[in-house]
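Me: I have a structure open here and would like to go through it with you. Can we start with the cysteines?

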Amino acid sequence: MEGCGLKPIPYNIRAYFKICLIAGRNQVHYSDKKFNIEKQALLFSNPRVPYNWKHITGEQRGHFCIFTANFFHHFGNPEDYSVFKPDGMPVIELSDEQAHKAAQLFEDMYTDWISDYAYKYDRMRVLVYELIHLAVKAQPIKSAKRRLSSASEKIARQFIELLEQQFPIEDGNAPMRLRSSSDFAKRLLIHVNHLNKVSQEMLHKPTSVIIQERILLEAKILLKHTDKAVSEIAFALGFKEKTHFNNFFKKYTQLTPTQFRSI
């Protein structure tokens, strides 16, 4: 973990989580979304989602820390928080007071990092969670997750975890196996109707729609940020025929995969 001045970074998928405190006007590209930072913000990057940012103004400063999932082994899971979810809000704009507090947390991390304190790694884990909670509290109230019944919440969380475990698609010889509501229901040992009910209640969308949206997002990432052939991408995402993939993609984007890649 470290803090430093910021430099432009390439748009790709990384093997680690990253939290950045960015000061100055920037434009962040995260998957297929774009965010404008006017003054200062925290950026949370997920290893499954490619991103980059470019500076709008000359003066740039900030801090960042990086870590792998193993760093939090038996110490909670940062991916449980919306800021690290692929469909969450990865860029959180901060007030001056919030930015000052975030900068202090990064400085505390660095102080512990260079110290010989025996429990410095536990201390840094706590500081990372402090950054996460600072960001979650700074989000608009309308995006806050409402409290849900524990049983249904567990099923919804397990469903999303199973879905996300299939990404990013890297090995063309191993296409994703769980693609239908029934596939996930069998893995979760529940009836498909119950899974659909929970999905509608907790996630406000049918299970099939959530699956389709995630497949579409991965298709866009692979088309824009890899040189894989369209047929390879179709196979990796579980489509038996390239034509089926083309029809699926055009249904939701009004573009063929080739047209989307060329934009």
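Me: Is Cys-20 buried or exposed?

Reply: This is a predicted model. Cys-20 counts as buried, because its relative accessibility is 0%.

Me: And Cys-65, buried or exposed?

Reply: Cys-65 is buried, with a relative accessible area of 0%.

Me: How many disulfides are there?

Reply: The count is zero. Cys-20 takes part in no disulfide, and the nearest cysteine sulfur, in Cys-65, is 8.0 Å away.

Me: Why is there no bond from Cys-65 to Cys-20?

Reply: The distance is the reason. A disulfide needs the two sulfur atoms within 2.5 Å. The sulfur of Cys-65 has its closest cysteine sulfur in Cys-20, and 8.0 Å is too far for a bond.

Me: OK, on to the sheet. What is the strand order?

Reply: The order is β6-β1-β4-β7, in an open sheet of four strands with antiparallel pairing.

Me: Which strands stand at the edges?

Reply: β6 (61–67) and β7 (91–93) do. Each has a single partner strand, so one side of each has no neighbour in the sheet.

Me: What is the average twist from one strand to the next?

Reply: The twist averages 10°.

Me: Back to β6. How many bridges pair it with β1?

Reply: Seven bridges, with β1 (residues 17–23) and β6 paired in the antiparallel sense. Among the bridge partners, Lys-18 is matched with Ile-66 of β6, and Ile-22 with Gly-62 of β6.

Me: What holds paired strands together in general?

Reply: Strands of a sheet pair through backbone hydrogen bonds, in either a parallel or an antiparallel way.

Me: How many residues of β6 are buried?

Reply: Five of the seven, so β6 is mostly covered.

Me: Which helix lies across the sheet strands β1, β4, β6 and β7?

Reply: Helix α2 (residues 120–138) lies across those strands, and runs at about 115° to β4 (40–45).

Me: Different topic: α4 and α5. At what angle do the axes cross?

Reply: At roughly 105°, and the axes come within 9 Å. Helix α4 covers residues 181–188 and helix α5 residues 192–203. That crossing makes α4 roughly perpendicular to α5.

Me: Which residues make the contact?

Reply: From α4, they are Ser-181, Ser-182, Phe-184, Ala-185 and Leu-188. From α5, they are Val-192, Leu-195 and Asn-196.

Me: How many of the residues in that contact of α4 with α5 are nonpolar, polar or charged?

Reply: Five are nonpolar and three are polar, with no charged residues in the contact of α4 with α5.

Notes. Residues numbered from 1 in each chain as written. Predicted model: local features only at pLDDT ≥ 70, side-chain atom pairs only at ≥ 80, totals over all residues. Heavy atoms only, no water. Buried < 20%, exposed > 50% of the residue type's maximum accessible area, 1.4 Å probe, protein only. Axes fitted to C-alpha atoms, helices over the stretch in contact; angles between N-to-C directions. Helix = DSSP H or I, 4+ residues; strand = E, 2+ residues; numbered from the N terminus. Parallel < 35°, antiparallel > 145°, perpendicular 65-115°, else oblique. Contact = heavy atoms within 4.5 Å. Nonpolar A, V, L, I, M, F, W, Y, C, P; charged D, E, K, R; others polar. Pairing = 2+ DSSP bridges.
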